[in-house]
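Reader: I would like a close look at a single part of this model, namely how one strand is paired with its neighbours, and then an account of the sheets found elsewhere. Please take it step by step.

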Amino acid sequence: MITIQPHASETIRHQIDRMVLIKEFKTFLPQASIIFEKEALKPFECDGLSAYRCLPWLVVLPETIEQIQRIVRFCYQLDVPVVARGAGTGLAGGAMPLANGVLLSLAKLNRMLEIDIANRLAVVQPGVRNLAISQAVAPFGLYYAPDPSSQIACTIGGNVAENSGGVHCLKYGLTTHNILRVKMLTMDGELVTIGSHGLDSAGLDLLALMVGSEGMLGIIVEVTVKLLPIPEKAKVVLAAFDDIEKAGQAVAEIIAAGLIPAGLEMMDKAAIQAVEDFIHAGYPKNAEAILLCELDGTRQQVEEELDKAVALLTDSGAVEVKIAQSEHERQKMWAGRKSAFPAAGRMSPDYYCMDGTIPRRFLAEMLKNISGLSEKYGLAVANVFHAGDGNLHPLILYNANHEGELEKAEQLGGEILKLSVELGGTITGEHGVGVEKINHMCIQFADNELTQFHAVKSAFDEKGLLNPGKAVPTLHRCAEFGAMHVHHGEVAHPELDRF
Amino acid sequence: MQETTEAILQQAVRHAVDTKTPVNITGGNSKAFLGRELDGVPLSTCAHQGILNYHPSELIITARAGTLLSAMEQTLAEHGQMLAFEPPYFADTATLGGTIACGLSGPRRPFTGSARDFVLGCKLINGKAEIVSFGGEVIKNVAGYDVARLMAGAMGTLGVLLEVSLKVLPLPILELTSCFELEPSDAISKMAALASRSLPVSGLSYDGRILYVRLSGSEKAVKVSADKIGGDAAIADRSFWRQLNEQHLDFFQEDMNLWRIVVPPATAQLDLAGTWFYDWCGGLRWLKSDEPAQRIFAAAEKAQGHADLFKGKDRRGDVFQPLTGTLQQLNRNIKRAFDPAGIFNPNRLYRDW
């Protein structure tokens, strides 16, 4: 049984019969776009975080903005909550349905509306897949930079909702840096354009609030993404270390030397071994840690920076430094990193992926603590790490069929999140809070900060009908969570700055 | 020190809330010309100074709002780093808080990002006189709504900034500028073409006759790219970009309305009388014009952009592109969510709040 439960203070109650909505929706949606039979609802009961499930009350799959408008307006009138869903690849349960709410799938809004080469932008519907954008604009020498590992399947609407990252964030930013404009529907069905096709827009920067708002502020129905020229050249170098601390130091050296790699990824021994057993990426299996460092740009820039990076890696004590000699080899090196999650899945029946970010200088301390927690809970942990930006993905391996293991995995994960905050970081770098980390928001934010978040929410969605129970906890939840978790009324490491 | 200046500011805000007295938040007054005229008791953040946390290898800096921008940039330069949104100063007294509140970015903006793009976190006093923090000191952080970035460009209407954390980037090793003499429509397409190629471009601006192309990066890359694009390097003054950003060029010296118009960069020339200077690859257009404000707002909106009266004679009318409909309502709602008593810089952005 999972330990994170819906909280009464975050639940929208209503007495509406589902048939009332079905009847209304049938007047403008095809039969096949309204799903309410148990078997058909089953595929929608969770997103990418499958440990958290709830059979939806009703699923609708509209195809036009007008249909969505009618759906939300009707729900608004009846005070029925709505959860938006893209491809359902999210890792925090942000799209987990409600037992008494409408699950609004945007998957059918999957058309690219405009590719504007001169202005280097593309206007797409929310259900367009992340990778499909880059594929469509590649003939023009352009691409869309954010590349979450689920990019084959995940949709741009979901990316905006979660402010998704990927392995290229250090140089190219997150979703928030690569979106120009969204069109969204408010919960009462008003269509609003936020942002513009220019580089800034009139009024407050509401686009900053929309990106990463986890479906809590509006229903995104159109997105304009920024396109970048495809770099002339990309090269990757792999460095192996016999000590993870040295690898961490090497990352600091590279950045202090003025290099901004396109990707800078670290994996620990457990992750390396999992990957090697899985796809034979050519990683040295006896290394304690490896770094993948990719440099991109013009040919000369890559050459110059590669020389520098190799020298820095060698000086930092790498036992092996290997440059991919061909595009094939480069792809193979990346394939290893990108298959780290499925590789973990092969090692263990279930794994639980964490997403904290820490100031990188505390990496060694963090890893030591994780290894201690792994021992304490008796669960193995493999670490993959967006080393350039401090975003850590410990993969906690467990078996859900073993009584109590999921709870143990959750508790272990919770301790990692708490530690991330104590070290001056955050509970989530790119996956979002969803339901998964809602309790841990109480650790990261004080009551008046959470109250400020609720005021932002009310500014957009006064009735609180959009995705209730996600992302921002009520103070009631926090009071209960705090009572369980604060020991002697003190936080650990009081000497650390908690800005 | 920190407790003192922070506590004084908080006390001042509490007093303002209790007595419903509007405050006019100031930093170094370097951008006091920007925005609508406002009444209000001055509340200076100048004394709240100091860099709190700077880790060059983590690419972050945190400082108090009153910290001089020059002090920050000097500290960064000592470690070979910079604020990559190239903030304009407009006076030596420019502070970090004012820089973020105004949200202005320089010529590098289309290529590296804007002020708001580099904001990672902030601490502020909200309209309930509470001290609250959002975001943090890490590059990737998606916990809670992105309130820290919302502060960029809010012109102090949502709260008093106390501390800001920014991402920083390495200084380029070499910068070169090439020039091309072009007609306006050719300049727009040339800029679009250059921005679509894998080149280390860091500035594209056009003064109505000359297109200036700045390249930044590692030595060989910049030199080879400069050869590749051609143009004339001889007439490019090294200080051109600074003078452009600080509005020291002759174009900016005339005493008439100066409009800041932001449109999709490849937009054709707008049908407005006046003299133009293009920056941001064509995406930012400075216009000196006597055209009535309503006509300029309408032209900008038609071009899918917006216009602000950057330096104008009449600062009691609309200075920023007026909002309408639900967007206007959402802006008002957010203002109320942060400043329920309406005490922070009322009327500076819009006439009704």
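Author: Strand 6 of chain A, residues 121–124, is joined to strand 10 of chain A by four bridges, and the two strands run antiparallel. The model is a predicted one, and what follows should be read with that in mind. Within this pairing, A:Ala122 has A:Val225 of strand 10 of chain A as its bridge partner. Strand 10 of chain A, which spans residues 219–226, also pairs with strand 8 of chain A, residues 179–185, in the antiparallel sense and over six bridges; here A:Lys183 stands opposite A:Glu222 of strand 10. As for its surroundings, strand 10 of chain A is mostly covered, since eight of its eight residues are buried, where buried means under 20% relative accessible area.

A second part of chain A is an open sheet of seven strands, in the order 15-12-14-13-17-18-16, with antiparallel pairing. Strand 15 (320–323) and strand 16 (350–353) of chain A stand at its edges, each with a single partner strand, so one side of each is left without a neighbour in the sheet. On average, and with direction ignored, neighbouring strands of this sheet are turned by 15 degrees against each other. Strand 17 (residues 381–386) and strand 18 (residues 391–398) of chain A run antiparallel and are joined by six bridges, and A:Asn383 stands opposite A:Pro394 in strand 18 of chain A.

Two helices of chain A lie across strands of this chain. Helix 8, residues 244–256, lies across strand 12 (233–241), strand 13 (263–268) and strand 14 (289–297) of chain A, and runs at about 175 degrees to strand 13. Helix 9 of chain A, residues 269–279, lies across strand 13, strand 14 and strand 17, and makes an angle of about 95 degrees with strand 13.

Chain B has an open sheet as well, formed by five strands in the order 3-4-8-6-7, with antiparallel pairing. The edge strands are strand 3 (51–55) and strand 7 (131–135) of chain B, each of which pairs on one side only, and the twist averages 10 degrees from one strand to the next. Strand 6 of chain B, residues 119–125, runs antiparallel to strand 7 of chain B and is joined to strand 7 by five bridges, with B:Ser133 in strand 7 as the bridge partner of B:Lys123. Helix 2 of chain B, residues 69–78, packs on the sheet and touches strand 3, strand 4 (60–64) and strand 8 (160–167) of chain B, its direction making about 25 degrees with that of strand 3.

Note on methods
Residues are numbered from 1 along each chain as its sequence is written. Chains are lettered from A and ligands numbered from 1 in the order in which they are written. This is a predicted model: local features need pLDDT of at least 70, side-chain atom pairs count only at pLDDT 80 or more; totals for chains, interfaces and linings use all residues. Side-chain values use heavy atoms; hydrogens and water are left out. Two strands pair if DSSP finds at least two bridges between them. Axes are lines fitted to C-alpha atoms, for helices over the stretch in contact, and angles run from 0 to 180 degrees between N-to-C directions. Contact means heavy atoms within 4.5 Å. Buried means under 20% relative accessible area, exposed over 50%, partly exposed in between (1.4 Å probe, protein chains only).
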